[in-house]
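Hi,

Here is the structure I promised to pass on. Have a look at it first, and then read my notes below.

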Amino acid sequence: MAELIDGKQLAKQVNAQTKQAVAELKSNGILPKLVVIIVGNDEASEIYVRNKHRKAEQVGIISETKRLPENTTQTELLNLIDQYNQDPTVHGLMVQAPLPPQIDEAAVTRAILPIKDADGFNPENVGNLYSNSDLNFPVSCTPKGIMTMLKAYGVQLEGANAVIVGRSNIVGRPMAALLLNASATVTVVHSHTKDMKRFTRQADILIVATGIAHLIKGEDIKPGATVIDVGMNRDENGKLTGDVDFESATTVAGKITPVPGGVGPMTIASLMQQTVELAKWSE
Ligand SMILES: Nc1nc(=O)c2c([nH]1)NC[C@@H]1CN(c3ccc(C(=O)N[C@@H](CCC(=O)O)C(=O)O)cc3)C=[N+]21
């Protein structure tokens, strides 16, 4: 059986550190504040946004959730973003995905001021990540949390064969950049890759973010590999399950994350951590 990478437990440690960092900031007169904008009534988004709000309050971050109706126009959303951009009490700002069809997601990510970009999706921040800049800049919270997990569990990154399944802007692409910056040999495979499993079987570190339940099985994994499951799929009983078939994978892998209790809690912990960093950098 593989060693379990306990995201829930590690998130508790990260949140405790964040709570301390918030207390220090407050003693210097800075009250870190996060604003989350949610447009429409996506059920899953509501749950995530509520979890973020609750966690922010627990660590002492001022949290505001702004709910906009499904029929909000692009102009209305951009005007609101501009208001928060100009508000000096706001340090972190994010717009929850998915957005209704009349809203251009790329335009939204461009509108959020890079220094308040809690998600790290603004092209300026993505450019800093891809060029391995030594400046301070925010990065996408899911890959940020995964890097924290890999480090906490002593996974060797330098020279490791890292294979990422999925090429999204939110996970696959920033994950590839972070691992490349950490001197791993990085391969990104996706829906157009020929014989994808030929690559996964070579991976020392395998990161799976596809949204396809149980795509990766034990036979697709290199013995002893570290397996990170970013998948969040609901089965027919409403039970949460990953992109990795945990039961077969755990007999082959060296280390593995569960779903739930793996990447999810670390994503939220990383968002809190990043909000505090943005507040610090704003000093
Ligand atoms: N602009 C934007 N930024 C995001 O970071 C973002 C987003 N939009 N839209 C949706 C996804 C999804 N996401 C999750 C965060 C935490 C859990 C989480 O805490 N999961 C728990 C359990 C949750 C449950 O039981 O339902 C776990 O895996 O253990 C899941 C999913 C952030 N996202």
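One thing before the details: this is a predicted model. I'll begin with the surroundings of the ligand, since that is probably where you'll look as well.

By class, the shell around the ligand is made up of 12 nonpolar, 5 polar and 1 charged residues. The shell counts 18 residues, and the ones that come nearest to the ligand are Q96, A97, P260, G264 and T267. Where do they sit in the fold? Three elements each supply at least two residues of the shell: α2 (43-59), β4 (92-95) and α10 (263-281). Of the contributors, α10 gives the most, with 4 residues.

That helix deserves a closer look. How much of α10 is buried? The count is 16 of its 19 residues, so α10 is largely enclosed by the rest of the structure. Its length also checks out: at 1.5 Å a residue, the 19 residues should span 27 Å, and the end C-alpha atoms of α10 are 26 Å apart, which agrees.

Now the domains. The protein chain is divided into domain 1 (30-114) and domain 2 (141-263). Taken over C-alpha atoms, their centres are 28 Å apart. Both domains take part in the ligand's surroundings, as the shell draws at least three residues from each of them.

There are two sheets to walk through. One is an open sheet of 3 strands, in the order β3-β2-β4, with parallel pairing. β3 (62-68) and β4 stand at its edges with a single partner strand each, so one side of each has no neighbour in the sheet. On average, neighbouring strands of this sheet are turned by 15° against each other, ignoring direction. If you want to find the contact between β2 (residues 33-39) and β4, these strands run parallel and are joined by 4 bridges. A handy landmark there is V36, which stands opposite M94 in β4. Remember that β4 is also one of the elements that supply at least two residues to the ligand shell.

The other is an open sheet too, with 6 strands in the order β1-β11-β8-β7-β5-β6 and parallel pairing. Its edge strands are β1 (3-4) and β6, each of which pairs on one side only.

Within this sheet, I'd start from β8 (residues 226-229). Which way do its residues point? T226 and I228 point one way from the strand, V227 and D229 point the other way, and all are buried. As for partners, β8 pairs with β7 (residues 205-208) in the parallel sense over 4 bridges. In that pairing, L206 stands opposite V227. β8 also pairs with β11 (residues 255-256), again in the parallel sense, over 2 bridges. Here T226 stands opposite K255.

Last, a spot on the edge strand β6 (residues 185-189), where T187 lies. Is T187 buried or partly exposed? T187 has 17 C-beta neighbours inside 10 Å, and therefore counts as partly exposed; being buried would take 20 or more. The C-alpha atoms of T187 and F199 are 8.0 Å apart, with the two residues 12 apart along the chain.

That's what I have so far. Shout if anything looks odd when you open the model.

Cheers

Note on methods. Residues are numbered from 1 along each chain as its sequence is written. This is a predicted model: local features need pLDDT of at least 70, side-chain atom pairs count only at pLDDT 80 or more; totals for chains, interfaces and linings use all residues. A residue is near a molecule or strand if its C-beta atom, placed from the backbone, lies within 6 Å of it. Ala, Val, Leu, Ile, Met, Phe, Trp, Tyr, Cys and Pro count as nonpolar, Asp, Glu, Lys and Arg as charged, and the others, Gly among them, as polar. Domain bounds come from an automatic or database domain assignment. The expected span of a helix is 1.5 Å times one less than its number of residues. A residue is buried if 20 or more other C-beta atoms lie within 10 Å of its own, exposed if 12 or fewer, and partly exposed in between; C-beta atoms are placed from the backbone. Two strands pair if DSSP finds at least two bridges between them. Axes are lines fitted to C-alpha atoms, for helices over the stretch in contact, and angles run from 0 to 180 degrees between N-to-C directions.
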